[in-house]
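This briefing concerns the surroundings of two ligands and the nonpolar cores of one protein. The sequence and structure are shown below.

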Amino acid sequence: CPGSAAPRSPPEKIAVIGAGIGGTSAAYYLRQKFGKDVKIDVFEKGEVGGRLATLTMQGQEYESGGSIIHPLNLHMKRFVKDLGLSAVQSPSGLVGVYNGETLVYEESSWFIINMIKLIWYYGFQSLRMHMWVEDILDKFMSLFKRIYRYQSHDYAFSSVEKLLHSLGGDDFLGLFNRSLLETLQKAGFSEKFLDEIITPVMRVNYGQTMNINGFVGAVSMSCTDPGLWAVKGGNKLVCSRLLQASKSNLISGSVMSIEEKTRTKQTGNPTKVYEVVYQTGPEIHSDFYDIVLVATPLNQKMSNITFLNFDPPIEEFHQYYEPLVTTLIKGQLNSTVFSSRALDEFDLGTILTTDNPDLFINSIGLVSSVEENNNPQPKVERAHVWKVFSAGPLTKEQILKLFVSYDYAVKQSWLAYPHYTPPEKCPSTILHDQLYYLNGIEFAASAMEMSAVAGYNAALLAYHRWNGHTHMIDQEDLYEKLKTEL
Ligand SMILES: Cc1cc2nc3c(=O)[nH]c(=O)nc-3n(C[C@H](O)[C@H](O)[C@H](O)COP(=O)(O)OP(=O)(O)OC[C@H]3O[C@@H](n4cnc5c(N)ncnc54)[C@H](O)[C@@H]3O)c2cc1C
Ligand SMILES: CC(C)=CCC/C(C)=C/CC/C(C)=C/CSC[C@H](N)C(=O)O
């Protein structure tokens with residue numbers, strides 16, 4: 001092959017830092033690429049799964065982090081199949097939009113009524129806009145799907161920008177570099193439509209407004225597609241199964257620093273390695289690795305990893321992640337907060353909100369436990385489990401504003417996803433010769449599938465760079481090339 005170098009002996013040890021979906025998918029693909037002899041250590045300071053996690057209420061588990069998966073998220077789909085797991089349909093109840101005073105939009109279960117409502121509230125152009133969004137999302141998904149083809153042919157990318165460009169050319173980079181607001185204003189959307197339909201979707205998914213980049217905006221809009229699903233038993237099961245299948249060694253500890261060192265191995269030749277220093281309980285340990293993959297957001301609050309003695313130095317990371325609280329509440333919703341109808345006539349399963357600073361919640365929605373495969377109905381049972389997303393923790397008084405009464409409330413606080421401020425640059429994928437960073441991809445869009453794409457890409461990139469396969473990295477016009485290969 002052009003660009004191939006002489007075979008190099010495989011690495012002895014690889015470290016993966018973080019056992020979320022990014023790190024565990026990377027470990028899985030590293031094993032596939034480098035074979036059975038390499039030792040893979042996966043470091044995790046908290047729980048396997050990371051931002052895929054559950055909260056327990058009355059013995060039942062509910063997703064508290066990453067919960068929904070798109071039907072075209074093919075890595076997640078394949079993991080579930082290959083790892084012996086199964087899928088459940090995500091609840092898809094009717095959606096309403098609340099502006100702090102009233103419901104400004106209410107979905108109906110009849111398609112035709114929804115169309116009439118759109119025209120009534122937002123004018124005839126809203127129908128054209130609705131079709132425009134559907135068309136853009138179809139195009140977006142079919143371009144996004146190219147990554148599966150490239151990865152199945154082993155191609156890798158050295159930066160997120162190059163990866164996005166290979167999928168959708170300048171259109172994708174343009175989406176990433178401009179705000180969603182700019183993109184939609186250019187397309188002629190009315191302010192009312194943007195405030196009452198698009199912003200509420202961005203708020204439930206990313207806790208932000210339309211000032212996020214257009215790429216993550218499209219990912220967020222795709223959550224309005226039908227057929228969303230989750231993993232039976234909890235999405236985090238994918239991570240523990242990937243770890244198991246990768247035959248990696250899980251080290252429950254917190255990585256403190258990574259330093260480049262020169263070591264003389266038995267062969268007598270000095271080689272460059274990375275010293276990883278980590279803490280387990282009160283003890284500090286260290287070990288040497290040929291390749292290191294960092295699969296956690298790099299900032300002081302989330303990972304606090306120091307890069308020592310690199311020449312040139314590795315830039316300091318100050319990536320700001322949005323604080324978000326998930327609260328699960330079992331209780332009887334006070335439907336009169338949102339509408340004049342009583343609960344037994346109130347048929348909304350999700351209430352989104354407009355960007356009103358007086359509102360203390362981003363959204364509230366009925367949820368099922370990770371074992372259930374059905375749509376909970378607010379009318380059938382008076383007390384049900386609702387999931388609230390808010391920027392800060394809810395007080396008891398705030399909960400009692402939303403609920404007539406409640407039996408239980410449990411919460412989990414997150415630094416959830418990047419604060420998007422386009423135009424911005426994604427952090428580097430290659431931090432040093434054999435040191436890789438996966439979570440830069442979250443600056444394009446944060447979602448489980450995005451981390452799985454990054455995990456696979458980092459494993460392929462590490463493999464090709466280790467073996468000098470330059471022709472497998474950053475290839476242009478891959479789509480055309482692979483078409484003629486068939
Ligand atoms: C509330 C919420 C809802 C979401 N909903 C969805 C959704 O519905 N669908 C979807 O697709 N995505 C969703 N997401 C996004 C999705 O969960 C994330 O994009 C994805 O899980 C990120 O995975 P990751 O492996 O890259 O990072 P993480 O899951 O954050 O994994 C990083 C891991 O590294 C560990 N770690 C950090 N520092 C160190 C250290 N120094 N040493 C050792 N270990 C360390 C952490 O403990 C963590 O386990 C949601 C996220 C949140 C917070
Ligand atoms: C990566 C692609 C092409 C599609 C992924 C679409 C997807 C499932 C995005 C998830 C976005 C996200 C961060 C949602 C958070 S909130 C989810 C849900 N409403 C909930 O109640 O938990």
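The points that follow are grouped by topic: ligand 1, ligand 2 and the nonpolar cores.

The model is predicted. A shell of 39 residues surrounds ligand 1, and one of 17 residues surrounds ligand 2. The largest nonpolar core has 109 residues, and a second, separate core has 21.

**Ligand 1**

- The residues that come nearest to ligand 1 are G22, E44, R51, I68 and S451.
- The backbone of R51 also places an N or O atom 2.7 Å from an oxygen atom of ligand 1.
- A backbone N or O atom of K45 is found 3.1 Å from a nitrogen atom of the ligand, while a polar backbone atom of A447 lies 3.3 Å from an oxygen atom of ligand 1.
- Ligand 1 on its own would expose 1,000 Å², of which the protein buries 93%.
- Two or more residues of this shell are given by each of α1 (21-34), β2 (39-44), β10 (254-264), β15 (321-333), β19 (403-418) and α12 (448-467).
- Strand β19 gives the most, with three residues.
- By residue class, the shell around ligand 1 holds 17 nonpolar, 18 polar and four charged residues.

**Ligand 2**

- S67, I68, N205, Y206 and K387 are the residues that come nearest to ligand 2.
- The side chain of S67 has a polar atom 2.5 Å from an oxygen atom of ligand 2.
- In K387, a side-chain N or O atom is 3.2 Å from an oxygen atom of ligand 2.
- Taken alone, ligand 2 exposes 620 Å², and 88% of that is buried by the protein.
- The elements giving two or more residues to the shell around ligand 2 are α4 (125-144), α8 (191-206) and β18 (384-390).
- Helix α8 supplies the largest share of this shell, three residues.
- The shell around ligand 2 consists of ten nonpolar residues, six polar residues and one charged residue.

**Nonpolar cores**

- In soluble globular proteins, nonpolar side chains tend to be buried together.
- Within the largest nonpolar core, F79, F215 and V238 touch the most other members.
- Helix α12 contributes the largest share of this core, 13 residues; α12 is also among the elements that give two or more residues to the shell around ligand 1.
- Apart from neighbours within four places in sequence, F215 is in contact with F140, F144, L164, F172, L175, F176, A444, A445 and M450.
- The second, separate core includes F43, I258, I314 and F317.

Methods
Residues numbered from 1 in each chain as written. Chains lettered and ligands numbered in written order. Predicted model: local features only at pLDDT ≥ 70, side-chain atom pairs only at ≥ 80, totals over all residues. Heavy atoms only, no water. Near = heavy atom within 4 Å. Polar contact = N/O pair within 3.5 Å; in protein donor to acceptor, adjacent residues only side chain to side chain. Areas by Shrake-Rupley, 256 points an atom, 1.4 Å probe, with all protein chains shown as cover. Helix = DSSP H or I, 4+ residues; strand = E, 2+ residues; numbered from the N terminus. Nonpolar A, V, L, I, M, F, W, Y, C, P; charged D, E, K, R; others polar. Core = buried A, V, L, I, M, F, W, Y, C linked by side-chain atoms within 4.5 Å. Buried < 20%, exposed > 50% of the residue type's maximum accessible area, 1.4 Å probe, protein only. Contact = heavy atoms within 4.5 Å.
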